Amino acid sequence: MAANERSAQTDRGLPVITAGVIGGIAGAALAGHRGARTAGAGAVTGAVALAACEAVARARQRPGEIPPLWARIATSAALVAPLGWAVGRVTGAGPVAVGAGTGALGGLLGIRPQKVLLGPLFGAAVGWGLAARGRPVPAAATAAVTMTAYRVASALVFRDAQVSPLAEQVRAEDLPFVVPRESQSRYVGTGYVRELAGVLGGRYVADAPDVGIVASVSELAGPDLDPAGIDPQVREFYEHTTRFTLDIVPQWRLWVRPGYLLYRAVVARPLGQANVPMNQRETQRGIRSRIDTISPADSDVVAIRGWLRSFADTDEPIYVGIYTTYRHGGRGYVSVGFPLPQASFTATLLPRARPGGGLVLTSRSDLDQPGHYLAHTDPATRELTVLAVRGFAEQLDVYVQDGQLRAEHAFSVFGLPFLILHYRIHRKPAGPAA
């Protein structure tokens, strides 16, 4: 008990100490133009002020919550103050340029396209306003004021945050919509489930026969879905996915292609994860699809299902997804976790019936469970710190048309559609009789 209390006190103390360091550097930058003695006094004042701010924020913070917005704004202003000082010292830039640069940084961190465009314009306006006072304004002060004004204005204008902190240092079982399966190495790859089995223990089966991405569609029953109305072919696809092959035709929007090519070269391929084909020519290399499973040593019940897709000629990963289902509030959900180094990206999808017996899985909902979540796993405690990525949305529509299974998987970011994966789903040929 005493050890736990000491650990909790340490957890609360470290952020306060860190804030003190940040505040000290910011205070020195803000007062540095008046000489070394004043800079020293500024450092002490800044350290005390930001540490006190953090201490109050942490004292009011409930377990699992993130620090309040006002504390995060104060920290971001303190972080840009020394950056503004350095830019002013090196380049001699005036308030308008420093303000525009700070606003651009704030906009980029906000991710949303509107924020990216607004940031430099807003920052330049703040810088112009400071310059219009007729007295010299230190670059550090310009940066801090601009970031504070931008964060406040952004919070007032953009109330539906596209990426927002959701939880800090919470137990995985308290967040059922997050699949906490991280990668222990920098490369995920098609061997991930085998490596996970080595960590968790249990019986590992590679390329498991006759298994699905869900155990039973009936687990997904809810107000929007009556499993009895699902077409038998659609049900079979979900419950016995390995009986089928999938032909993919990716349809990328032109505006996203340059950025995706850069992401693919710099992130996806080195990571061995989320490496979607760019065009149909790439899919003609052949795509291998399999499900690896992990079961408890004393049971045949599948505990973990990993759907692995890779290019057939090289086994280069396309994606590695851990499929789970759970129930909450009288509804079933499908959560797919994509392992990342010491983190995971989860898509939690709400099932809905489609006319004609199809099944739709969507993240678009006013409910509190569906959505996308980026979670970091603390290696020591296994606790999660989670961001909600509300600007990302997807919808998977599986249906039967003219007797053939089809699917369309649509993605959008910040409300802008950027990719549709068109699938034709075929039953594998029957194997030779025994």
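A contact here means heavy atoms within 4.5 Å. This is a predicted model, so to speak a computed picture throughout: local features need pLDDT of at least 70, side-chain atom pairs count only at pLDDT 80 or more, and totals for chains, interfaces and linings use all residues. Residues are numbered from 1 along each chain as its sequence is written, and side-chain values use heavy atoms, with hydrogens and water left out. With that settled, here's the rundown.

**Overall build**

- The protein has ten helices and 14 strands, where helices (H or I, at least four residues) and strands (E, at least two) are DSSP runs numbered from the N terminus.
- Along the principal axes, the C-alpha atoms fill a box of roughly 90 × 55 × 45 Å.
- Of the 434 residues, 44% count as buried; buried means under 20% relative accessible area, exposed over 50%, and partly exposed in between (1.4 Å probe, protein chains only).
- Take the contacts with a separation of 6 or more, and 63% of them come from residues 24 or more positions apart.

**Surface and charge**

- About 21500 Å² of the protein is exposed, with carbon and sulfur atoms supplying 60% of it; the areas come from the Shrake-Rupley method with a 1.4 Å probe, and for residues only the protein chains shown count as cover.
- There are 43 positive and 34 negative charges, and their mean positions sit 10 Å apart.
- For that tally, Lys and Arg are positive and Asp and Glu negative, while His and the chain ends are not counted; each charge is placed at NZ of Lys, CZ of Arg, CG of Asp or CD of Glu.

**How far to trust it**

- Average pLDDT is 90, and 95% of the residues score at least 70; pLDDT is the predictor's confidence in each residue, from 0 to 100.
- Confidence bottoms out in helix α1 (residues 2–31), at a mean of 76, and is highest in strand β9 (residues 358–362), at 98.
- Over residues 1–8, pLDDT stays under 50, and the model has zero contacts there beyond four places in sequence.
- Where pLDDT is low, predicted coordinates should not be read in detail.

**Two helices worth a look**

- Helix α3 (residues 69–91) has 23 residues and reaches 32 Å from first C-alpha to last, close to the expected 33 Å; the expected span is 1.5 Å times one less than the number of residues.
- Buried residues of α3 include Ala-71, Ile-73, Val-80 and Gly-84.
- Right after α3 comes Gly-92, with a positive phi near 70°.
- Over in helix α6 (residues 139–157) you'll find Thr-146, which counts as buried because its relative accessibility is 0%.
- Leaving aside residues up to four places away in sequence, Thr-146 touches Gly-99, Thr-102, Gly-103, Phe-122, Gly-123 and Val-126.

**Strand β7 and two loops**

- Tyr-333 sits in strand β7 (residues 331–340) and is buried, since its relative accessibility is 2%.
- Beyond four places in sequence, the contacts of Tyr-333 include Leu-220, Tyr-326, His-328, Leu-349, Pro-351 and Gln-369.
- Tyr-333 and Thr-362 are 29 residues apart in sequence, and their C-alpha atoms are 9.8 Å apart.
- Gln-342 is in the loop between β7 and β8 (343–354); this residue is partly exposed, because its relative accessible area is 22%.
- Phi of Gln-342 is positive, near 55°, in a residue other than glycine.
- Phe-414, in the loop between β13 (404–413) and β14 (416–427), also isn't glycine and has a positive phi near 55°.
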